[in-house]
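Here are my notes on the model you sent. They are numbered so that you can reply point by point.

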Amino acid sequence: MSDVALFKGGIPAHLQKKELDDATKALMGVRASSEPPVGKRISIKAGVFRMIVDGEEVAQNEDRSMNVVVVAAAPKDSRTFYAAQFKEGQKISAPDCFSDDGDLPSAKARNPQSKRCVDCPQNQAGSGPNGKRACRYSRRLAVVLEGDINGDIYQLTLPSNSLWNADNGKMGIKPYAELLGSHSLNITDVVTEVRFDTASSSPKLVFKAVRPLSEEEIVSVQTKGKTAEAQKAIGNTPAALDGAKDEAPKAIENKAPVAEPVKEPVKREKKEAAPKNVEEILDDWGN
């Protein structure tokens, strides 16, 4: 497959949400036939839009842009820290530490680095490669594709370089939302073009409004934003959507101190007193 949307015009209404038949299930494999996918997301690895389903890449869209509709957004920026550097080819794993609100480590973090993000050594400039912070900012969105507004919801995680920038008309998500808000428009009221900034050395996205949604489309988007699927997209790390298990911190074993063996009391033999002489005995009797 070469396009994330599968079909340019989207999936026809009569084919949406159909139960899969035995032939499809058999070819999808045992896991796919017995368990639903953990989650769906759109990755921007290496500057390419990639559809990731249950941790596996299933489609790519090599166009420099794609049109989506934002149905929900995480209320705050998240943070993610990996102790080991990512190696090409390896599957995404649960981060060592992460925060859903940018303030405190998540209770699910397997190796919290600090009690507060503001004090964390991984949040200091120079703690990561090339003088950057080892802990990275991001923002999670739940989106649907323009050609399939009634279809599946995907997580789209925006890196820090796609959040605040507003250079030469190339807007990050926050300035873009502010522009829409200044016109009394919600980001959920429009189709948004998400485009790679080709001037950036690392994957960076910029945003632009394409068209307003119809009243019928807005109702559908508002409904989508309240679903468990949308909340899952904005409330989980990409690793969690891929099925990576967070490792809870290992509990410290409280071993009871081993009692020392009780020593048997040593029976000491009484020493017999030396026999008294006759004078002592007579003296005792006289007292």
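1. Start with a buried charged pair. Asp77 and Arg139 are both buried. This is a predicted model, so read every value below as computed from it. The two side chains meet in a salt bridge, with N to O at 2.6 Å. The pair links distant parts of the chain. Asp77 sits in the loop between β4 and β5 (78-81), Arg139 in strand β7, and 62 residues separate them.

2. Asp77 has a further partner. Lys174 forms a salt bridge with Asp77, and the closest N and O atoms are 2.8 Å apart. This pair, too, links distant parts of the chain: Lys174 belongs to helix α3, 97 residues from Asp77. How accessible are the two ends? Asp77 counts as buried because its relative accessibility is 11%, under the 20% cut-off. Lys174 is partly exposed, with a relative accessible area of 23%. Asp77, Arg139 and Lys174 are thus linked in a network of salt bridges.

3. The structure holds 15 salt bridges. Another one to look at joins Glu57 and Arg50, whose closest N and O atoms are 3.2 Å apart. Its ends differ in exposure. Glu57 is partly exposed at 39% relative accessible area, whereas Arg50, at 12%, counts as buried. As background, side chains of opposite charge can pair when their charged atoms come close.

4. Now the nonpolar interior. The largest nonpolar core has 25 residues. Which of them touch the most other members? They are Ile42, Phe49, Val143, Leu156, Leu158 and Leu205. Elements that give two or more residues to this core include β2 (49-53), β4 (65-73), β7 (136-145) and β8 (154-159). So do α3 (173-182), β11 (190-196) and β12 (205-212). Another core, of 15 residues, lies apart from it, with Ala142, Val144, Ile149 and Ala233 among its members. In soluble globular proteins, nonpolar side chains tend to be buried together.

5. Leu205 deserves a closer look. Leaving out residues up to four places away in sequence, Leu205 touches Ile44, Phe49, Leu156, Leu158, Ser162, Met171, Val194, Arg195 and Phe196. Lys204 lies in the loop between β11 and β12. Is Lys204 buried or exposed? At 14% relative accessibility, Lys204 counts as buried. With the same sequence neighbours left out, the contacts of Lys204 are Asn161, Ser162, Asn165, Asp167, Arg195, Phe196 and Asp197.

6. Helix α4 (residues 215-225) has two sides to check. Its buried residues are Glu217, Ile218, Ser220, Val221, Lys224 and Gly225. Seen down the axis, they fall within an arc of 160°, so they line one face of the helix. On the other side of α4, Glu215, Glu216 and Val219 are exposed. What covers the buried residues? The cover includes β4, β12 and α5 (228-235).

7. Last, empty space. The structure holds one cavity of 30 Å³ or more. About 100 Å³ of space lies in the largest cavity. Of the 14 residues that line the largest cavity, Cys97, Pro105, Cys117, Cys120 and Cys135 are the closest to its centre. Both β5 and β6 (97-99) supply at least two residues each to this lining.

Methods
Residues are numbered from 1 along each chain as its sequence is written. This is a predicted model: local features need pLDDT of at least 70, side-chain atom pairs count only at pLDDT 80 or more; totals for chains, interfaces and linings use all residues. Side-chain values use heavy atoms; hydrogens and water are left out. A nonpolar core is a set of buried Ala, Val, Leu, Ile, Met, Phe, Trp, Tyr and Cys residues joined through side-chain atoms within 4.5 Å. Buried means under 20% relative accessible area, exposed over 50%, partly exposed in between (1.4 Å probe, protein chains only). Helices (H or I, at least four residues) and strands (E, at least two) are DSSP runs, numbered from the N terminus. Contact means heavy atoms within 4.5 Å. A salt bridge is a side-chain nitrogen of Lys or Arg within 4 Å of a carboxyl oxygen of Asp or Glu. The arc is that of the directions from the helix axis to the C-beta atoms. On a 1 Å grid over the protein atoms alone, a cavity is a set of points where a 1.4 Å probe fits but cannot get out, and a pocket is an open set with protein on both sides within 12 Å along at least five of seven lines; lining residues have an atom within 4 Å of a point. Grid points are joined across faces, edges and corners, and a volume is the space filled by probe spheres set on the points.
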